[in-house]
Amino acid sequence: MPKKRRKLNKDFEKQIYTSKKNVELVLAKIYDIDDEDIQKEYMSAFNNVVRSYDQLKNDYELVGFNDNSDKLIAEYNLAFSTFESEFEI
């Protein structure tokens, strides 16, 4: 039985790419913090965003665009905006 092809979505791929760049940018800024305690606090808070992004990316790579995709991007966006509102980067 042939393997089912995953459904692709160009707009969703652009959102994932933008999300990746945002995560990389914030991580770079966190790594630039000199105070180790503050850096750990920021990393701890940002881990939720990174987990959301990883879940989003992995789901798309394995399954493709599906009913769960909109939920995952919404969770990522909420986690990112919550981090931005609580921490000044």
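**Close-up views of aromatic pairs and a charged patch**

**View 1. Tyr-76 and Phe-80 in helix H3 of the predicted model.** Phe-80 counts as buried, since its relative accessibility is 10%, and Tyr-76 is likewise buried, with a relative accessible area of 2%; the model shown here is a predicted one. The two residues form an aromatic pair described as tilted, with 5.9 Å from centre to centre and 35 degrees between the planes. Because Tyr-76 and Phe-80 are four residues apart in helix H3, about one helical turn separates them.

**View 2. The cluster of linked rings.** Tyr-76 and Phe-80 also belong to a cluster in which ring pairs link them with Tyr-42, Phe-46, Tyr-53, Phe-83 and Phe-87.

**View 3. The pair formed by Phe-12 and Phe-65.** Across the whole structure, a search finds nine aromatic pairs. In the pair of Phe-12 and Phe-65, the ring centres are 5.3 Å apart and the planes stand at 70 degrees, so this pair is edge-to-face. Phe-12 lies in helix H1 (residues 10-31), whereas Phe-65 lies in the loop between H2 and helix H3 (67-86), and the pair therefore ties together parts that are 53 residues apart in sequence. With a relative accessibility of 3%, Phe-12 counts as buried.

**View 4. A negative surface patch.** Asp-32, Asp-34, Asp-35, Asp-37 and Glu-41 form a negative patch on the surface. Of these residues, Glu-41 lies in helix H2, which comprises residues 36-62, and Glu-41 counts as partly exposed because its relative accessibility is 45%.

Methods: Residues are numbered from 1 along each chain as its sequence is written. This is a predicted model: local features need pLDDT of at least 70, side-chain atom pairs count only at pLDDT 80 or more; totals for chains, interfaces and linings use all residues. Side-chain values use heavy atoms; hydrogens and water are left out. Patches are made of residues with over 30% relative accessible area and no salt bridge: like charges are joined within 9 Å, nonpolar side chains (Val, Leu, Ile, Met, Phe, Trp, Tyr) within 5 Å. Accessible areas come from the Shrake-Rupley method with a 1.4 Å probe; for residues, only the protein chains shown count as cover. A salt bridge is a side-chain nitrogen of Lys or Arg within 4 Å of a carboxyl oxygen of Asp or Glu. Lys and Arg count as positive and Asp and Glu as negative; His and the chain ends are not counted. The place of a charge is taken as NZ of Lys, CZ of Arg, CG of Asp or CD of Glu. Helices (H or I, at least four residues) and strands (E, at least two) are DSSP runs, numbered from the N terminus. Buried means under 20% relative accessible area, exposed over 50%, partly exposed in between (1.4 Å probe, protein chains only). Rings of Phe, Tyr and Trp (its six-membered ring) pair if their centres lie within 6.5 Å; planes under 30 degrees apart count as stacked, over 60 as edge-to-face and the rest as tilted.
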